[in-house]
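Please examine the following structure with attention to how its parts are arranged. The explanation below proceeds from one chain as a whole to a single sheet in another.

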Amino acid sequence: MRRLLVFLLAGAMVAALNATPTALAQAPSGVLRIAIIGDVTLNPFTMPQQLPTTMVAKVVFSTLTRYRSGDLQPVGDLATSWVPADDGRVWVFKLKRGVRWHDGKPFTAADVKFTYENIVNPRVRALFRSALRGLRQVDVIDDYTVRLEFADPYPSLPIVLAWNIPIAPKHLLEGKDLNDLSDFAQNPVGTGPFRFKEAVKGAHITVEANPDYYGGAPKLKTIVFKILPEINTVVAQLRTGELDLAVVESLHKQALGVAQHLTFKTIELPSAFYIALNNARWPFSERLVRQAMMHGLNRELMVQRILKNDAPLATGAYAKSFGPFFNPTLKPYPFDVNRAKQLLSEAGFRAGPDGVLVKDGKRLAFELMVDRGNPVREQIALFVQQSWKQLGADVKLTAEEWSVYIRRGNALPADYEARTAWRITPPDPDKTAEYTTGGVNNHYAYSNPEVDRMMAAARQTIDKQKRIALYHKIQELIYQDVPVLWVNYQTEILATNKRVRGYPDLGIRDALQWMHLVSTE
Amino acid sequence: MTAQRAVLAPTLPLVRPAGRGGGYLWRRFRRNRLALVALAYLLLIHVVAVAAPYLAPHPPEAIDLLNQFAPRSRDHPLGTDESGRDIVSRLIFGARTSLAVGLSAMVVAMTVGSALGAISGFYGGAVGAVVMRLTDGALTIPTFFLALLVLAVFGSNITNVVLVIGLTGWMVVARVVRAEVLRTLPQEFVLASRAIGAGDRRILCRHVIPQALPSMIVAATLGVAYAVLTESALSYLGLGVQPPTPTWGNMLTGAQHYVWTKPVLAVYPGVVIMLTVLSYNALGDVLRDTLDPRHAGS
């Protein structure tokens, strides 16, 4: 009898503890809460290339240009207009008047000169150095006009400037060691629509409206960037109304779909998700093997079943978002197991005693690396492993913790054989960093001298038709070489609370530059 | 004689007592219904684990993207998971890995713990004190976090997991064995053996260990419960056995993302873990009651 009583009591306790609050958390008006995945370092020169820092920097700092909602064309931010000269080797930018830094001092062309000169300064570990490659000189014509001179024509400059390069205050940072701005980073001063208020490590970063913003006073009072490293916490907080805006995976759409107060937006990004093959290591140095692996992978099924058709199937390196630069004549490699096996046999592989293919005494055995914690990518990796097993490969799957994954995967030379990969880029067709020999993002060691030549030429060509023709040919060459296996073009799925108004039709990185137009009801 | 035995030898001696038939212990055990259920379940799950390749209807790692989240059917008695893999087969093969890791880790813990406990109790003095302080020190370390740290640094393959769980669970065993040794050594039959010239090894093997065995069995049973639970937790966090090898813990890792839409995916491995750990704990408790009547009812 007493035992029964004890059980009942325990049961009641468990039930009470599990009662989920059904009422939505009361949302404070004028405050927007966004999820970010980690802490930030707000040094405008050496900022790490990771999403949380990028996101907060976008509301605190300004760039010369930014992307327009809808067609991603660059429009002025701190610049009002820009004119190329000498075939795009020289650019003259006219700047906005009356812009003030968050500490009240006026913004002038001298700040632009200070920022750009230090980005290409070899003593500064600037993140965006390759974006300004070839910058020879920056001249201040007057307080509101600046002239940039490059070694070679640079027609893409306005697009690249909108990507991420914040303008830093000369009056605060001149003479300081720009590699170590820990004081400034804890209290950054920019020209953006929001002023930095406070950062509580591991918890949140708060920014408050800048009423003197040149684009008009923001409609919001504050933005709180909540640091939530686990996607499940993000999903839970979206449900309860503690979070207004977050990027989620397609599988969360189903879980969150029942919530009446949420709405979803899918934005196509100009980047591809692919299985990177290390072209410098056996067995992927041979094109036949890479092509076989591509044919052996049912990418259409992956897009349908794992990505739930929320992302388009990829043909090659360039996404449809590149508009006229996208080569529409290329078709995705078909899924054909027989062709794959035939290619492997052509490459000299024969079936070994245990079913795994062998060539010159070496088994077709390698490692597939994926980053741990993302259910979609882990599912993709498992499917890829199984698909290649059917071709006769012995694939070992390793789910690495994020920092190890980045270290092994992005190093030059890279430390992997095959891995899941993606690269977010500006909507500019120049892919020097990704597909030329020695490019900083070319961790898969792809090397085709003809592509190198054409990529350099296209980067400097100002005639649009000529550029389109060049980039189409480049795509064809890369497609035939198949250095990596493109699976899908990436889409960003944004979950927003219906109380958020005025959010632009842009990926979150670009949308954050328009936060002065967003409001909450 | 009987009175003396009650004072000096509170644990029933393993020598068959005069007048009581064999199976006396079993009959006592049998009286506890909970114990029988627990034992039956454990036998079942171990047989299933050993016969996994013959019992599982499908390969546990076979992905079938056209058949995700399938409902229960003849072909898939418990349905399929997020990658179309058969849940029953994964539970069966998961039993194999989880129990193998649990039992192996227990063996490691028992070996290390018994050795250290016996040394400490047998030799006493400075050696004994040092070993005991070492054990106490080890007990203050938060073992789960230590396990996470070690696996993150040295990699998480099955060997490392077994070693880590074993080397964080030996302390209780050491204390138990030491207590038994200290209780046994001063007894008359040991003194008598010494008097006729028995050496250390003979005393240990022939007298001390058999006396300590009941407590060690109880510790071992509880140790397996701890090991299975810890392995599940480590695998759930991604630091235990790596996919695609299924264990009950890493089945939960996949299921957590679907907890709002398909909660059964988490319920199946969760229930199995709970039943297994509960059964081992129940078994351990009942064994303790059976083998040492002083503890009965506590």
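In chain B of this predicted model, contacts with a separation of 6 or more come to 69% from residues 24 or more positions apart. A contact here requires that the C-beta atoms of two residues lie within 7 Å, so the percentage describes residues that are separated along the chain and yet meet in space. Of the 298 residues in chain B, 39% are buried. The secondary structure of chain B consists of 13 helices, with zero strands. Read from the N terminus on, the elements of this chain are therefore α at each position of the series. The C-alpha trace of chain B spans about 75 × 45 × 30 Å along its principal axes.

Chain A contains a sheet, to which we now turn. Four strands form this open sheet, in the order β4-β5-β7-β6 (chain A), and their pairing is antiparallel. Which strands stand at the edges? They are β4 (79-85) and β6 (135-142) of chain A; each has a single partner strand, and so one side of each is left without a neighbour in the sheet. On average, neighbouring strands of the sheet are turned by 20 degrees against each other, direction ignored.

The pairing of β4(A) with strand β5 (residues 90-95) of chain A is antiparallel and extends over six bridges. Within β5(A), L95(A) is the bridge partner of A79(A). Helix α3 (residues 109-119) of chain A packs on the sheet, where it touches β5, β6 and β7 (145-150) of chain A. The direction of helix α3 of chain A makes about 170 degrees with that of β6(A).

Methods. Residues numbered from 1 in each chain as written. Chains lettered and ligands numbered in written order. Predicted model: local features only at pLDDT ≥ 70, side-chain atom pairs only at ≥ 80, totals over all residues. Helix = DSSP H or I, 4+ residues; strand = E, 2+ residues; numbered from the N terminus. Buried ≥ 20, exposed ≤ 12 C-beta atoms within 10 Å, placed from the backbone. Pairing = 2+ DSSP bridges. Axes fitted to C-alpha atoms, helices over the stretch in contact; angles between N-to-C directions.
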